[in-house]
Amino acid sequence: MQQFIRQLAQENDFQSTRLLKILRAVQARYFHIPKAAIEQLALILSIPRTQIQNVIEFYSFFHLEPRGKYDILISSSITDLMVGQEELINYFSEKLGVKIGEVRADGVVSLNNTSCTGMCDQSLAGLVNGYALTNLTKSRIDEIVENVNKQLPLEQWSSDLFTVADNIIKPDLLLNQKPTQGEAINATFARGLKETLDEVEKSGLRGRGGAGYTTAWKWKFCSEDEGICDIEAQRQKQRYIICNADEGEPGTFKDRVLLNSYADSVFEGMTVAAAIIGATQGFIYLRGEYLHLYEKLEAILAVRRNANLLGKNILQHGFDFDIEICLGAGAYICGEESALIESLEGKAGIPRNRPPYPVTSGYLGKPTSVNNVETFLAAANIAIHGGDWFANLGTAKSKGTKVLSISGDCAKAGIYEYPFGTTIQTVLDDCGATDVLGVQVGGPSGTFISNDEFERKLAFEDLATGGSFIVFNNSRSILDVVHNFSHFFAHESCGFCTPCRVGTSLLKKQVDKIVEGHGSAGDIVALEELCQLIKNYSHCGLGQTAANPVLTTLERYPELYQNMLKKISYEPGFDLDKSLETARRMAHRDDAAAHLAQVE
Amino acid sequence: MNKSIVIDGKNIPFEDGQTIMQAATAAGVYIPHLCHNPKFTPHGSCKLCTVKVNGRNCSACTFPAAEGQTITNITQELNDDREKITQMLFVEGNHFCPSCEKTGNCNLQAVAYHLGMTDNHFPHFFENREVDASHPDVMIDHNRCIFCTLCVRASQQEDGKNVFSISGRGIEKRLVVNSESGLLKDSDLDVNDCAAHICPTGAILIKRTGYKVPIGQRIYDHSHIDTITLAAEGASHDE
Ligand SMILES: Cc1cc2nc3c(=O)[nH]c(=O)nc-3n(C[C@H](O)[C@H](O)[C@H](O)COP(=O)(O)O)c2cc1C
Ligand code: SF4
Ligand code: SF4
Ligand code: FES
Ligand code: FES
């Protein structure tokens, strides 16, 4: 092992910023991060062992204790639950002979739940040793169980199991473009860098990652100089471009498709942005769940290097730029731009205090622009066609089109592109959704809208969305949705600040209590009060939106919550009888007198 | 240098680069806080110091003071919410004040009193946390850690060591010790280190000093935390 670790560190130039990459390799080989590896890495990377320990404990895909040789994770997004996740994972567990969350005694296989893997249009989804599995049914599960028991190497599994479909159903302005390699870069230099930035500004393009910040302004701030001309200031000029491909918001999967089928344009958008702000290095932060895209993207980057679209003196324009792909390791919070930067630096993804913002102090303290995959795709096409081409579509405040990932109760789940200003009803008609109860727009951190609101519009000024669009029909229970989302946030809170760390766990318990029918009169007031506290006092966007599932449904369906309450004024949060279980076991008793009936 | 901000209607002067907390403390205005100590880089995690800056919630310990800020600090709404955040810290750990050596000297307890907290409000987590009594002179009772990172920062910034760190995600957060065994006795910690004395709660205690100061004569037994803090931290700003 010593030899292996040493070589691994060497391949990564002994850079502690590459810690996640190094740990991914160790985890893949030893199915956990052995203690000895931590000690050795701390020494040769010159970082405290606690930094490594912290990274391992922070990311879901790293483990201090061995997982199975085949580590199987099943997505537990709401869309997975809608196709019977619970029954199927139990079936899996039974067939494999391993309990959920555990490793089989022979060490061959382990099974667990995981947060949404970005395959909501081909649920039930999962991962085996990080590689995406789709459309899991009982028969496909049987096939996997057989492969595992035969200990068949992954390369020999039927490739069908790993098929990830694009499902592009309604392309529009952006998805219909197929520019040639280098077209956007050449157009940018032909027009001029400043002039191209002006076109991006004219296009009205706003960030597609959720917050909707005007892209041209972000690039402008990022390129501004201190004005002092000495060597230190020169070095300060190092700037970075980062493509945010963490796509962790449940129900969002459009960036996966954009990277699978439009990667050249995305890379080109990054290159144009780099030329404009003066960056020489770019990163793609690819969520760990999209490991299946890694080699393909590396190959495209290699082609681009060969064609001088990356590297030194790109297309003879006198500008250097290259792109490195960095994989995440299972943490939704790393989609938040400052947490993402921390992660790129080889640390746990904890959002930074702001100010300073990344545009002034980002990766390694240098000015950095973090943009979403779709933002770069749009920018590349705007560089070719000009700002008006884009701004002609959309509304006054939301220009252009938005790519949606549609899933849930509809005939055709997949990728749809719409001009901003399109009504929800239009979208529902197109995707074949009938008998609709409501739609979760923007994922768990967004808004649940009821079937009275389908004339509302997709737009930053009305219903903003990073792309997640989950349809629920009348057979679904809203409280099940809220329950799933509350568990998601409690699991994904980074734990830095009190209101989010403690609050999301309290919220999960409070929602459980009500959904399980133990709620009483005061509980809804307490629920709402807790939601406001988390929303108003949390450090970052995760905490500030974690209560949205409860708040947006409580506002629309108060009676739903009321109906779950018992007709007594107070119900304890715990089950008295259940708490006596240990005592009964120790006393070897299970007779009637050893049980307590809760007072009704 | 006559820039100023307004806190609760009072003009407070500040210098460029100062946070709202620094400007307030220097001017004798107390903003409740737990994870902040003027000696170290601010952390911004406990959120007790939240104030409203032009209507928007900001952490006073990290947010830069700037001309044009109208700030509210002591209001019923903010103090009620600070009380609830404090209650969150109480239910997350296991704080049995009457049996804790730190009682009366504890910032968590003192802030709770100051905010008028009389119960824990939220359901308890009853987390099973350990005690590390391996070190000859210092012990850690993880039940009382509120993850303020003051010991982490003190060890790095004052002692030039790296004894403590916070590990884990979300509610699984925990304080870890930088030693191969993970035990305090195998770390570089010395009883005279700043990190051994900085803990605002009873999570890090010095052995064999218990109850030397009797209950009734402890720091917060006769004065509120605002007075004590301003005296201590206001002074350290002038250094
Ligand atoms: C908890 C959280 C998760 C986020 N996840 C993503 C994500 O997966 N992808 C993304 O582009 N932006 C995400 N964001 C928004 C980013 O912080 C950032 O605003 C965005 O990447 C900027 O790019 P844009 O201007 O192109 O939208 C997230 C924000 C928060 C608070
Ligand atoms: S540390 Fe403070 S709050 Fe915690 S138990 Fe001790 S006295 Fe109470
Ligand atoms: S041990 Fe004390 S000082 Fe260290 S993080 Fe915990 S509460 Fe803060
Ligand atoms: S942990 Fe992100 S908001 Fe608190
Ligand atoms: S004192 Fe400011 S967040 Fe803790």
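Trainee: What makes the pairing of ligand 1 with the side chain of A:Asn372 a polar contact?

Mentor: An oxygen atom of ligand 1 is 2.7 Å from an N or O atom in that side chain. A polar contact is a pair of N or O atoms within 3.5 Å, so this pair qualifies. Keep in mind that this is a predicted model, where local features need pLDDT of at least 70, side-chain atom pairs count only at pLDDT 80 or more, and totals for chains, interfaces and linings use all residues. Residues are numbered from 1 along each chain as its sequence is written, chains are lettered from A and ligands numbered from 1 in the order in which they are written, and side-chain values use heavy atoms, with hydrogens and water left out.

Trainee: Which backbone atoms come within reach of an oxygen of ligand 1?

Mentor: A polar backbone atom of A:Glu247 is 2.9 Å from an oxygen atom of the ligand, and one of A:Arg208 is 3.2 Å from an oxygen atom of it. The protein covers 89% of the 610 Å² of accessible area (Shrake-Rupley method, 1.4 Å probe) that ligand 1 has on its own. Strand 9 (368–372) and helix 22 (541–545) of chain A are the elements giving two or more residues to its shell, and strand 9 gives the most, with 3 residues. Helices here are DSSP runs of H or I with at least four residues, and strands are runs of E with at least two.

Trainee: How many residues surround ligand 1, and how do you know that they belong there?

Mentor: There are 18, with A:Gly209, A:Asn244, A:Glu247, A:Asn372 and A:Thr375 the closest. A residue is counted if one of its heavy atoms lies within 4 Å. By class, 3 are nonpolar, 9 polar and 6 charged.

Trainee: What makes the place of ligand 2 a cavity?

Mentor: On a 1 Å grid over the protein atoms alone, a cavity is a set of points where a 1.4 Å probe fits but cannot get out. A molecule sits in one if more than half of its atoms lie within 2 Å of the grid points. Ligand 2 takes up the largest cavity, and ligand 3 the second largest.

Trainee: How do the residues around ligand 3 divide by class?

Mentor: They are 10 nonpolar, 1 polar and no charged; among them are B:Cys145, B:Phe147 and B:Ile204. Cys is listed with the nonpolar residues, so B:Cys145 counts there. Around ligand 2 the split is 6 nonpolar, 5 polar and 1 charged.

Trainee: Why is the pair A:Arg352 and A:Glu342 called a salt bridge?

Mentor: Their closest N and O atoms are 2.7 Å apart. The term needs a side-chain nitrogen of Lys or Arg within 4 Å of a carboxyl oxygen of Asp or Glu, so the pair fits. The search of the whole structure finds 46 salt bridges over all chains.

Trainee: What makes the bond between A:Arg354 and A:Pro355 cis?

Mentor: Its omega is about 0°, as is that of the cis bond joining A:Pro355 and A:Pro356. A:Pro355 lies in the loop between helix 15 and strand 9 of chain A. Most peptide bonds are trans.

Methods. A polar contact is a pair of N or O atoms within 3.5 Å; within protein, one must be able to donate a hydrogen and the other to accept it, and residues adjacent in sequence count only if both atoms are side-chain atoms. On a 1 Å grid over the protein atoms alone, a cavity is a set of points where a 1.4 Å probe fits but cannot get out, and a pocket is an open set with protein on both sides within 12 Å along at least five of seven lines; lining residues have an atom within 4 Å of a point.
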